[in-house]
Amino acid sequence: MLGGTAALAAIWLLLGVAALSNWQSPALTAQFEAAPTEHDETAFSVLLRFSEPILTGAGTLDSEVLTVTSGTIAAVRRVGDRANLWALRIVPDGRSTVGIRLNADWGCSGPRAICTQHLVPLSNRPKATVLGPHVTAAFLDAIDHHSGLDRVAVRIGLSEPIATSARAFSDLALGVDGGRVERVRRVDDSGELWEATVIPESSDDLVLSLAPPSGCAFGDLDCLNLRRLADGASLTIPAATIHLTFDDGPHPVNTPIILDILKRHDARATFFVVGRAVDAYPELIQRIVSEGHTLANHTWAHDDLVGLSEDEFDRTLLRTQLALGEHATPCFRPPNLRFDEETVRRAANLGLNMILNTGDTSDWRRPGAAVIAANIVAAAEPGAILVLHDGGGDRSQTTLALDLALTYLGLKRYSFEPVCE
């Protein structure tokens, strides 16, 4: 009986030894707590919590394993009786972002080792970032449009200098839609004024934005300092708009060709139509509208408005408006651009605004496609209203010139929109 008891005790002893040999102390980890998101140039406190009490003293934490960038450690003290919670007092060096890291040795034999009483070493290296006071940014002296420009230079003013490189500023804080950044440079030595040179790449809006980077590696001072940027800033530089208009149509041959050209170049226009042609070619009217263009009044039969009686005047314009129906806009253009004060007054009484032109393409003279194309390009300035013709006879020179001119102006990133909506 005793022999059996002794054997059982031996078995339990062996099982206990095996269990002890398989037991491992829990891993030792650390984390910073209660760190402020930003400082105001005055000292601030941070807590350092270990998952288990450590053997290291305050002096070792202070001088050996705590690393602070853009600041200094003013004090390290244990909180409470257990050595697993420590309070740090940090003094910033001015307004820069402060980085804090626990940079202990791996293992328990080095001079900067952090271990438990069971010689379990620290398994992680926590870090914390406290941003300096916010810096505001603003885009200065923006241009009205980017069309026709190979490069756009935009200046950026900061409320105070940020210690960062031009590359970091460009790569981490500056965003561009509709173009790409060619270079970023400081304009002054202080770092408060910057200039970005951007190359536009489309006829869409050129949009520049400034925002702080979302994350930074510890010790990356360029990135950390850029995180001080406040909510950011944005700037939109639109393309210059040109208004293409076509008179005397719709025409069964010319108008479809012009519509094909406009579609190919992603251009929208306004067609000043003659009322009797509206009645004759309703399918063309429907196509013009369905492809994003607008319609305006050019009288019923290309009538000279100067000298008409008031009844005749009203009849030719109102009859055309009625023919256009729901597609009518409150715009008219007098045929041959002939008008007087009475023309303007009478049209206003009918709720119509007179739309003339800002540049002469002279396509009605049929001087050759090259000349017409050159005239279009020469008159193409921001906000220009250009008169071309899709009616009135052979317009093959106009259609060829239109394609040539839009190809060139498209490379210059102009936008083409209706003058009447």
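A disulfide is a pair of cysteine sulfur atoms within 2.5 Å. I start my notes with that cut-off, and with a reminder to myself that this is a predicted model.

**Entry 1: the disulfides**

How many disulfides does the cut-off give me? The count comes to three.

I looked at C331 and C420 to begin with. Their sulfur atoms sit 2.3 Å from each other, and a disulfide joins the two residues. The turn about the S-S bond is -115°, and the link of C331 and C420 is left-handed. C331 is in strand β18 (residues 331-332) and C420 is in the segment after β22 (415-416), so this pair ties together parts that are 89 residues apart in sequence. Are C331 and C420 buried or exposed? Both of them are buried.

Next I went to C108 and C115. They are joined by a disulfide with an S to S distance of 2.0 Å. Why do I call this disulfide left-handed? The torsion about the S-S bond of C108 and C115 is about -120°, so left-handed is the right word. The two ends don't get the same label for exposure: C108 is partly exposed at a relative accessible area of 32%, while C115 counts as buried at 6%.

Then came C216 and C223. Here the sulfur atoms are 1.9 Å apart, and the two residues form a disulfide. I read -75° about the S-S bond, and this link is left-handed. I checked burial for each end. C216 has a relative accessible area of 19%, and buried means under 20%, so C216 is buried. C223 is buried too, with a value of 2%.

Which cysteine goes with which? If I number the bonded cysteines of the chain in sequence order, the pairing reads 1-2, 3-4, 5-6.

**Entry 2: helix pairs**

A reminder from class: two packed helices are described by the angle between their axes and the distance between the axes. I looked up both values for two pairs of helices.

For the α10 and α11 pair, α10 covers residues 369-379 and α11 covers residues 396-411. They pack at an angle of about 45°, with their axes 8 Å apart. Angles under 35 degrees count as roughly parallel and 65 to 115 as roughly perpendicular, and α10 and α11 are therefore oblique to each other. The crossing of α10 past α11 is right-handed. Who makes the contact? On the α10 side, A369, I372, A373, I376 and V377 take part. On the α11 side, the residues include L400, A401, L404, A405 and Y408.

Helix α11 turned up again when I looked at α5. What is the angle between α5 and α11? They pack at about 5°, with their axes 10 Å apart. That makes α5 roughly parallel to α11. From α5, the contact uses N254, I257, I258, I261, L262 and R264. From α11, it uses T399, L402, D403 and L406. I also noticed L402 on the list for α10 and α11, so I wrote it down under both pairs.

**Entry 3: backbone oddities**

Where is the cis peptide bond I wrote down? It runs from G249 to P250, and its omega is near 0°. P250 has its place in the loop between β15 (241-249) and α5 (254-264).

I also noted residues with a positive phi that aren't glycine. A34 has a phi of about 60°. A34 sits in the loop between β1 (30-33) and β2 (44-50), and with a relative accessible area of 61% it is exposed. N336 also has a positive phi, near 60°, and is a residue other than glycine. Its spot is the loop between β18 and α9 (341-349). N336 is exposed, at 58%.

**Entry 4: a look at S70**

Last stop for today: S70 lies in the loop between β3 (66-69) and β4 (71-78). What is its side chain next to? A polar atom of the S70 side chain is 3.4 Å from the backbone oxygen of T97. Setting aside neighbours within four places in sequence, I found S70 in contact with P92, D93, S96, T97, V98 and L221. So T97 goes into my notes for S70 on both counts: the polar atom pair and the contact list.

Conventions:
Residues are numbered from 1 along each chain as its sequence is written. This is a predicted model: local features need pLDDT of at least 70, side-chain atom pairs count only at pLDDT 80 or more; totals for chains, interfaces and linings use all residues. Side-chain values use heavy atoms; hydrogens and water are left out. Helices (H or I, at least four residues) and strands (E, at least two) are DSSP runs, numbered from the N terminus. A polar contact is a pair of N or O atoms within 3.5 Å; within protein, one must be able to donate a hydrogen and the other to accept it, and residues adjacent in sequence count only if both atoms are side-chain atoms. Contact means heavy atoms within 4.5 Å. Buried means under 20% relative accessible area, exposed over 50%, partly exposed in between (1.4 Å probe, protein chains only). Axes are lines fitted to C-alpha atoms, for helices over the stretch in contact, and angles run from 0 to 180 degrees between N-to-C directions. Angles under 35 degrees count as roughly parallel, over 145 as roughly antiparallel, 65 to 115 as roughly perpendicular and the rest as oblique. A crossing is left-handed if the near helix is turned anticlockwise from the far one by less than a right angle, and right-handed if clockwise.
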